[in-house]
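Colleague: I'd like to go through this model with you and check the labels you put on things. Can you take me through the reasoning as we look?

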Amino acid sequence: MKAHPDLVAHGAQFERRIVPLSPGIWTAVGFAASNAHMVEGADSVTIIDTTESTAAAENILAEFRALTGKPVGRIIYTHGHRDHVSGASVFAGGADVPVIASAGFGSDLVDVDQSRVAPNAALARRTRAQFGIGLSGDERVSLGCGPGNRPMKGLGEGYLEPTERVADDRPIDLDGVEARLIMAPGETPDHMAVWFPGVRVLVPGDNWYHAFPNLYAIRGTAYRDFAAWADTLTMLAGLGAEAMAPGHTMPVFGGERVREALETTRDAIRFVMRETADGMDREVPIDDIVAGLELPARLAEKPWLGEYYGKAAWAARAYAAGTLGWYDGNPTNLGTLSTRARALRMAELAGGADALMRAARLTPDPQWRLELCDHLIALGEPAGELKADTMTELAELEINATARNAYLWEAKRLRSGDSG
Ligand SMILES: [Zn+2]
């Protein structure tokens, strides 16, 4: 099936490889949705992040073992997202190794407590859609942040609880290798970066990767603190790293390049904040803020700001909702029409449901066709196939991997008549 050529090209960096960052520090890229890093000390190694599955961790450990046979002495988590903590048991190999994380360590995925009221089923379903779980390899060409095609065995199964929680920045001796743990709230509040001042290597976690930052993940995330993330990028840029190994995608080399990558990503976050806040101040409806939102050329041209993973438009919506909540200031929106009530009136205006169906089939605008299909589906009209075809059409044009996956996943579900 067709895919956007830029999205396919972006995936070239997910070829499996072990990338040396400096003598004794390596990153494993392409084995899983996320990367794992190894630091060789005098008699042991440190593993920073452990990927999403035991199968991926086993593959990486085999590669690391070819570099050194020294045992794993400790594991560090940059943050609590499941795709970074789920291969830990493989690296620990049954030994009682310390697992170090920030004091705020926690995760919307790791800490799901089924006994508490929360939309857990929605989160699970939307996570499958975002990552295209259940799509074929041909359909899921990329995750945007990692390879679409990777082993899924032991997904989420190798998590180990942190044994040490670090509250403030502090130096740490990794068996003779000098490092510093730095609190780095950004993509999540619990982020902790690892900085090697001696060799000027930075492990920033997911605060940077080779794609527009996922300021809002469509699987469903609470507000990510845009301002804190931007400030953290300034702080990380100030370290003066010569190499940077992110939690996803290929490392970046060269002091100037690392600084540029961090600072322009910060500028992109602040651009979205400013444009959205200005629009809200001027009473511009959020749909119109989003429709007119375009990164300035000096940012849009950066290869790492391509919208393969996050999307500026979704970030703007998240910023609006995260700052002032769902109400947009227009009293029309204080009231509600149910989807069916609205659909009935739309059909009436169109001259009946058949006329609405005709309009949906005839419009060349796929977004409008989807909106008309939703009205028809709310009325119980057979528009599911048309909606599925339209989502497939959009998926093939989409540069954003999570949108592509969600379109295709929902199209498949609609065609199968599956409700969950
Ligand atoms: Zn991640």
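Modeller: Let's start with pairing: two strands pair if DSSP finds at least two bridges between them. Keep in mind that this is a predicted model. With that rule, seven strands form an open sheet in the order 1-2-3-4-5-6-7, and the pairing is mixed.

Colleague: What makes strand 1 and strand 7 the edge strands?

Modeller: Strand 1 (17-22) and strand 7 each pair on one side only. As for the twist, neighbouring strands of this sheet are turned by 25° against each other on average, direction ignored.

Colleague: How do you know that strand 5 and strand 6 pair?

Modeller: Pairing takes at least two bridges, and strand 5 (residues 72-76) and strand 6 (residues 99-102) have two bridges, in the parallel sense. Look at isoleucine 75, which stands opposite valine 99 in strand 6.

Colleague: And what joins strand 6 to strand 7?

Modeller: Three bridges, with the two strands running parallel. Strand 7 covers residues 164-166, and its arginine 165 is the bridge partner of alanine 101.

Colleague: In which sense do strand 2 and strand 3 pair, parallel or antiparallel?

Modeller: Antiparallel: strand 2 (residues 25-29) and strand 3 (residues 36-40) are linked over four bridges. Threonine 27 has histidine 37 of strand 3 as its bridge partner. Put those antiparallel strands next to the parallel strands 5 and 6, and you have the mixed pairing of the sheet.

Colleague: Fine. What is the order of the sheet of six strands?

Modeller: That open sheet runs 8-9-10-11-12-13, again with mixed pairing. Its edge strands are strand 8 (170-174) and strand 13 (252-253), each of which pairs on one side only.

Colleague: How do you know that strand 8 and strand 9 pair?

Modeller: The cut-off is at least two bridges, and five bridges join strand 8 to strand 9 (residues 177-183), running antiparallel. Proline 171 has arginine 180 of strand 9 as its bridge partner, and leucine 174 has valine 177. The hairpin of these strands has two residues between them, and aspartate 175 takes a positive phi near 50° there.

Colleague: What comes after strand 9 in that sheet?

Modeller: Strand 9 is joined to strand 10 by four bridges, and they run antiparallel. Isoleucine 182 stands opposite alanine 193 in strand 10. Strand 10 (residues 192-196) then pairs with strand 11 (residues 201-203) over three bridges, also in the antiparallel sense. Phenylalanine 196 faces valine 201 of strand 11 in that pair.

Colleague: On to the helices. Why are helix 11 and helix 12 called roughly perpendicular?

Modeller: Two packed helices are described by the angle between their axes and the distance between the axes. Here the axes of helix 11 (residues 339-350) and helix 12 (residues 353-362) come within 7 Å and cross at roughly 85°. Angles of 65 to 115 degrees count as roughly perpendicular, so helix 11 and helix 12 earn that label.

Colleague: Which residues make that contact?

Modeller: Helix 11 brings Met346, Ala347 and Ala350, while helix 12 brings Ala353, Ala355, Leu356 and Ala359. By class, that makes seven nonpolar, no polar and no charged residues.

Colleague: Now zoom out. How many helices and strands does the protein have?

Modeller: There are 15 helices and 13 strands. The domain assignment divides the protein into domain 1 (5-250), domain 2 (265-331) and domain 3 (335-416).

Colleague: How far apart are the C-alpha centres of domain 1 and domain 3, and what makes up their contact?

Modeller: The centres lie 37 Å apart. The contact takes 15 residues from domain 1 and eleven residues from domain 3. On the domain 1 side, helix 1 (5-10) and helix 5 (120-130) are the elements that give two or more residues. Helix 5 gives the most, with three residues. That side has six nonpolar, five polar and four charged residues.

Colleague: Last one: why does the radius of gyration agree with a compact globule?

Modeller: With 420 residues, a compact globule would come out near 22 Å, and the protein has 23 Å, so the two agree. As for its extent, the C-alpha trace spans about 80 × 45 × 45 Å along the principal axes.

Note on methods:
Residues numbered from 1 in each chain as written. Predicted model: local features only at pLDDT ≥ 70, side-chain atom pairs only at ≥ 80, totals over all residues. Domains from an automatic or database assignment. Contact = placed C-beta atoms within 7 Å. Nonpolar A, V, L, I, M, F, W, Y, C, P; charged D, E, K, R; others polar. Axes fitted to C-alpha atoms, helices over the stretch in contact; angles between N-to-C directions. Parallel < 35°, antiparallel > 145°, perpendicular 65-115°, else oblique. Rg over C-alpha atoms; globule rule 2.2 N^0.38 Å.
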